[in-house]
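Grab a pencil and work through these exercises with the viewer open. Try each task yourself before you read its solution.

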Amino acid sequence: MKFSVFAFLCCHFIFAQTQYPKDYFRPPLDIPMQLSGNFGELRPNHFHAGFDLKTNQREGLNVYAIADGYVSRIKISTFGNGKCIYITHPNGYTSVYGHLQTTLGPIQEYVTKNHYKEKAYEIEMFPKPDELPVTKGQLIALSGNTGSSEGPHLHFEIRDTKTEFVINPIFFGFDKNIKDTKKPTLSSLYVYPLDNSVVNLSKQPLLLNLTLQKDGTYLAGKVKANGKIGFGINAIDTDDVSFNKNGVFNVSTFLNGNQNYNYQFNTYSFDEMRYINAFIDYSRYKKTSQRVQKLFMKTPFALSIIKTDSLRGIITAQPNLASSYRIEVSDYYGNLNSVTVPIEYDNATPLVAPEPTTSKYFVRYNKDTNFEKDNMSVFFPAKTFYEDFNMNFDVKNNKIFIHDDTVPVHSNFTITIKDDSYPEDLRDKLYIGKGNSYNGTIRKGDVFTAKAKILGQYGLVLDTIAPVIKITKPVEGKWISEQKKIEFVISDASSGIKSYNGYLNGNWVLFEYENKNRKITHTFDNQFLVEGENTLKIEVVDNVGNSAIFETKFFRSQQK
């Protein structure tokens, strides 16, 4: 289904007018609310979907249901939000609590039961409304550092239950829990020549000087251009207590006093998340790790937070016409920073040429494209990319070269490699990889195909090496009656681990996996232990079927 930019603008207007309940929800923690990440913050391949709440740099803080409701979903993952609870509330919203150390009470009993039912650590459950009811302020979990968390904190979201759009939690009265009197910081401003234009004698993007004015605003160096230009900013926001460099809430631009571009981080869907790669100057980000937020759309893309005029924020410098361009960056509390950019027409010959193009291939973002050479090919469905561009493509030395990762990819493309040089008994050990990075590969005879979302160099990788299993504290032949847990480090040098299982005295037992340190951990209980000698077996399988087994015996007394 296709939507126009104007349809998204209408959605934006509706969302902006929504009246959210201010006193319905309580905070999920019982310590002062401090943010280490806010809603809409720019993250790799996505916008942040909620608040990251500080937990005093430690795990194990109490996490509470923010209102009455029922647990509608529980997801246990080694990545993403790790251990995560979803609570549906009767007022039409769902709250989400991520990176948990553990769930508690009836929720934990339900989780444990399903771990053993599925015989897996990574599971997703959808309890019925009457199975796990909760009340406002009920203790549901302990905060942690599971999944893709880079430090102890609580990830907290509020979603529209019906649409599953994420909503900025600040709208629900949590603004009174966070003191913020600080203006956002606009640290850099760039101007972009578009469609062979020239700006300040350059056909390449330029960093503009900013001068602080007496009234607290900024004045940019004069822009002299001909043709179409656009602007981009690097901006952050802080509050009075957290000191973290968070994302900005609202950005508006004005040309000669008329608003021509705006975005506000209020609500959006998960389907829109990856548009962050069109929203920022992706090439600059990959080269410098600097996220410059573009204030124009060269090619329209369906990100509903953006409201723009018919020119999509693009400005045309014209003879005999001077213009004033203003950028306003503000937070939810109304703290505002602004910069004014004077623009004049200039038809001078450029001194800085555009970046050279050496590619023989051209990709139109809205058309299917297929490139093929020798025994390898790549297919890009329409809308794989955000814009048309010149692509470098080649096949040599048994590798397929598909440009580089300075161009963002929105959806999967397909790589196909035909290779009959390997004997049949090794072909199932082959996969298409970027370096040793595994891509799920399907083989039909001597033809291998895989989906990918990152441009770069790919080829067939042979993996015949089994995973490695190491116990962190050997127990072979020892009495370990007082030991509460047993841990292993599991790793794989090539295709990566697909599955692992642990068996205690022949029974499957739960091992929790932490991807940050590659540890699997089992917490002993009496259900599968026996008096005296116990046997433990660990099996680990990688993505192409190589397997490893670790076996040990230990002694344990069940007598108290």
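**Exercise 1.** Does valine 352 count as buried, partly exposed or exposed?

*Solution.* Keep in mind that you're looking at a predicted model.
- Step 1: find the residue. Valine 352 sits in the loop between strand 26 (336–345) and strand 27 (361–363).
- Step 2: recall the cut-offs. Buried means under 20% relative accessible area, exposed means over 50%, and partly exposed is in between.
- Step 3: compare. Valine 352 has a relative accessibility of 37%, so it counts as partly exposed.
- Step 4: look at the company it keeps. Val352 joins Leu201 and Leu351 in a nonpolar surface patch of about 270 Å².

**Exercise 2.** Use the same cut-offs on aspartate 404: is it buried, partly exposed or exposed?

*Solution.*
- Step 1: go to the loop between strand 32 (399–402) and strand 33 (413–418), where you'll find aspartate 404.
- Step 2: its relative accessible area is 32%, so aspartate 404 is partly exposed.
- Step 3: now check a distance. Aspartate 404 and isoleucine 454 are 50 residues apart in sequence, yet their C-alpha atoms are 8.1 Å apart in space.

**Exercise 3.** Which way do strand 40 and strand 44 run relative to each other, parallel or antiparallel? Then work out how strand 43 fits in.

*Solution.*
- Step 1: pick out strand 40 (residues 485–491) and strand 44 (residues 519–523); they run antiparallel and are joined by five bridges.
- Step 2: spot one facing pair. Glutamate 487 is opposite threonine 521 of strand 44.
- Step 3: turn to strand 43 (residues 512–514). Its pairing with strand 44 is also antiparallel, over three bridges, and tyrosine 513 has isoleucine 520 in strand 44 as its bridge partner.
- Step 4: follow the chain from strand 43 to strand 44. The two form a hairpin with four residues between them, and arginine 518 in the turn has a positive phi of about 60°.

**Exercise 4.** Which strand gives the most to the lining of the largest pocket?

*Solution.*
- Step 1: start with the space itself, about 1600 Å³ in the largest pocket.
- Step 2: find the middle. The pocket is lined by 43 residues, and Ser283, Lys298, Glu355, Glu387 and Phe389 are the closest to its centre.
- Step 3: list contributors. Strand 14 (185–199), helix 3 (276–279), helix 4 (282–288) and strand 30 (389–391) each supply at least two lining residues.
- Step 4: pick the winner. Strand 14 gives the most, with six residues.

**Exercise 5.** How many cavities of 30 Å³ or more does the structure hold?

*Solution.*
- Step 1: count them, and you get three.
- Step 2: the largest cavity has a volume of about 220 Å³.
- Step 3: its lining has 19 residues, with Leu35, Asn38, Ile170, Asp237 and Tyr332 nearest the centre.

How values were computed. Residues are numbered from 1 along each chain as its sequence is written. This is a predicted model: local features need pLDDT of at least 70, side-chain atom pairs count only at pLDDT 80 or more; totals for chains, interfaces and linings use all residues. Side-chain values use heavy atoms; hydrogens and water are left out. Two strands pair if DSSP finds at least two bridges between them. Patches are made of residues with over 30% relative accessible area and no salt bridge: like charges are joined within 9 Å, nonpolar side chains (Val, Leu, Ile, Met, Phe, Trp, Tyr) within 5 Å. Accessible areas come from the Shrake-Rupley method with a 1.4 Å probe; for residues, only the protein chains shown count as cover. A salt bridge is a side-chain nitrogen of Lys or Arg within 4 Å of a carboxyl oxygen of Asp or Glu. Buried means under 20% relative accessible area, exposed over 50%, partly exposed in between (1.4 Å probe, protein chains only). On a 1 Å grid over the protein atoms alone, a cavity is a set of points where a 1.4 Å probe fits but cannot get out, and a pocket is an open set with protein on both sides within 12 Å along at least five of seven lines; lining residues have an atom within 4 Å of a point. Grid points are joined across faces, edges and corners, and a volume is the space filled by probe spheres set on the points.
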